[in-house]
Amino acid sequence: MQIKLILKGGLHWYVPERQEVLSVEVNQGEIYRDVIERFGIPISEIAFIQVDGEIKELNQPITEDVKSVVVMAVVGGG
Amino acid sequence: MQECCGDAKRIKELDKRYNLHSWSAQGALDPTLVVKAEGIYFWDADGKRYYDMSSQLVNLNVGHCNKKIIEAIKRQAEKLPYLQPKFAVDVVAELARKIIEEVAPDNMGKVFFTLAGADANENAIKIARMYTGRHKIFSRYRSYHGATYGAANLTGEPRRFPSEPGIPGFIKFFDPYLYRAGIDFPNEEAASKYFVDKFREQVLYEGPQNVAAVFLETVTGSNGVIIPPKGYLAGIREVCDEFGIVMVCDEVMAGWGRTGEWFAVNHWGVKPDLITFAKGITCGYVPLGGVIVSKEIASFFDNHPLMCGLTYSAHPLACAAGIATIDVYKEEGLLENAKKMGKVLGQELEKLKEKHACVGDVRYIGLFSAIELVKDKKTREPIVPFGKDPERIMPKIINMLFEKGFSTYSHENMVLVNPPLIIKENEIKEAMKIMDDVLSEVDKMIQ
């Protein structure tokens, strides 16, 4: 399944093309932390994640109805 | 409030007739009469309440009228309000101990107390020159280090100009301002390498044997909360070590919990040789600043005279306030709150960036943040050209915010959002709703 990963603050620096919005293939049941770490984004730089508008824990599994995940940075801009 | 306000008209008349206000042509000024303040709010003479979303001048970190600090000042005023700096005084010794043992990076050894940030930087210039025997001083263009003569010469932005022709040997270099760098860096580290290499090249051209110090606002303040990219400060440190240059971090605005750390430099694990500070040490309850000096530089002055002095250096009232303020930061968990509420503020700022055509960039670290306004998100053309605002667009925006109860200030095309560190989540959201409404009006202005 595919979800939209939206990177805020300076987190797009970790993505090769520095996109702020990515379409990502994920497996149902995979946890958010693993998906984010795939891109080399340090967990310490994440303020929180919002899954379809709701704040979730990084260790929660991705359910099949998920459409978008906003990853908020602790530090933004440069 | 009533007893204060009875004579509001007369106070404004006296102010207009006799008081010179900072950075302004005086004729058109009509300053608001403020009669009461508490926590993150203040009230005007008509009883209207304002969110203090700039913590006055990014100094009122603990909020208005903190009772512990007021009591400490009262106690000291009754006990010993003043002694000249050559004497040993309990509150001076204790504040210096607290700064070195509890707050500063572990390479720091002693403190020289000043009255504010500008003279902290003045004295840091002299300390670096005495220590190295060199005279040249580097600082950056998008910087503000104070308005006294030496500090104004350190300053890179246009508030430097009234103090020019400048002091010989003051050299400016470019900031790692990635939003306007105009270079497509593959990552932050590459950007840092570029800017550090350019700095090193400039040092070579100036003769490293002539360079005493480099001054940096660790996180640039009024010039737009420019956050150093990863590796930048470490790179500057390396160049300083290579050539024996004193690294000075100006933490006047970024220090004292503003970014969620005692000093912003802690975010990057870099240890400067000197730290200049002011603002949040007493949060403006009484003036105080200072220079924190490394152990190595402190020991140099064991047998070399420190040719610095101020009648009010280490003023006991200010030092008593400083001790109480550090205790308030700790007891009320304000560094932790800055980190926690910084996440809420960051989210609100990102929403504004997404929603409004006029918001080119938002930058935030802890409760230190700026909104950069543009005419066009794609071209990034600033809403006002650098150093000019002939149509007075930025004051209009600040007035619109103020009219709705949101007090802050702007610089160039930036609106600063730096609330007291005691702010709560609902208060951030309420205040940022006002910002949202005003930015909708600004969107119409740029259409």
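**Chains, domains and core of a predicted two-chain model**

Buried residues make up 33% of the 78 residues in chain A. The model discussed here is a predicted one.

Student: Which order of helix and strands does chain A follow along the sequence?

Tutor: Chain A contains one helix and six strands. When these elements are read along the sequence, the order of chain A is β-β-α-β-β-β-β.

Student: What radius of gyration does chain A have, and why does it agree with that of a compact globule?

Tutor: The C-alpha trace of chain A spans about 35 × 25 × 20 Å along its principal axes. For 78 residues a compact globule would be expected to have a radius of gyration near 12 Å, and chain A agrees with this because its value is 11 Å.

Student: How many of the contacts in chain B between residues at least 6 apart in sequence, as a percentage, join residues at least 24 apart?

Tutor: The secondary structure of chain B amounts to 14 helices and 15 strands, and 51% of its 447 residues are buried. Among contacts in chain B between residues at least 6 apart in sequence, the share that joins residues at least 24 apart is 73%.

Student: What radius of gyration does chain B have beside that of a compact globule?

Tutor: Along its principal axes, the C-alpha trace of chain B spans about 60 × 60 × 40 Å. A compact globule with 447 residues would have a radius of gyration near 22 Å, and chain B agrees with this, having 22 Å.

Student: Which element of chain B supplies the largest share of the side of domain 1 of chain B that touches domain 2 of chain B?

Tutor: Chain B is divided into domain 1, made of 49–62 + 333–446, and domain 2, which covers 68–331; the contact between them takes 26 residues from domain 1 of chain B and 28 residues from domain 2 of chain B. On the domain 1 side, at least two residues each come from helix 3 (55–58), helix 12 (334–355), strand 11 (359–365), strand 12 (368–373) and strand 15 (414–417) of chain B. By class, this side of domain 1 of chain B has 13 nonpolar, eight polar and five charged residues. The largest share, five residues, is supplied by helix 12 of chain B.

Student: Why do the buried residues of helix 13 of chain B lie on the same side, and how wide is the arc they cover?

Tutor: In helix 13 of chain B, residues 393–403, the buried residues include B:Ile397, B:Ile398 and B:Leu401, whereas B:Asn399 and B:Glu403 are exposed on the other side of the helix. Among the elements covering the buried residues of helix 13 of chain B are strand 13 (406–407), strand 14 (410–411), strand 15 and helix 14 (425–446) of chain B. The buried three are on the same side of helix 13 of chain B because around its axis they cover an arc of only 95°.

Student: Which element gives the most residues to the largest nonpolar core?

Tutor: Of the 153 residues in the largest nonpolar core, those that touch the most other members are A:Val71, B:Leu274 and B:Ala321. The residues that B:Leu274 touches include B:Ala124, B:Val246 and B:Ile297. Each of domain 1 and domain 2 of chain B contributes at least three residues to the largest nonpolar core. The element that gives the most to this core, with 10 residues, is helix 11 (residues 316–331) of chain B.

Note on methods: Residues numbered from 1 in each chain as written. Chains lettered and ligands numbered in written order. Predicted model: local features only at pLDDT ≥ 70, side-chain atom pairs only at ≥ 80, totals over all residues. Domains from an automatic or database assignment. Contact = placed C-beta atoms within 7 Å. Helix = DSSP H or I, 4+ residues; strand = E, 2+ residues; numbered from the N terminus. Nonpolar A, V, L, I, M, F, W, Y, C, P; charged D, E, K, R; others polar. Buried ≥ 20, exposed ≤ 12 C-beta atoms within 10 Å, placed from the backbone. Arc of directions from axis to C-beta. Rg over C-alpha atoms; globule rule 2.2 N^0.38 Å. Core = buried A, V, L, I, M, F, W, Y, C linked by C-beta atoms within 7 Å. Lists of a residue's contacts leave out its neighbours within four places in sequence.
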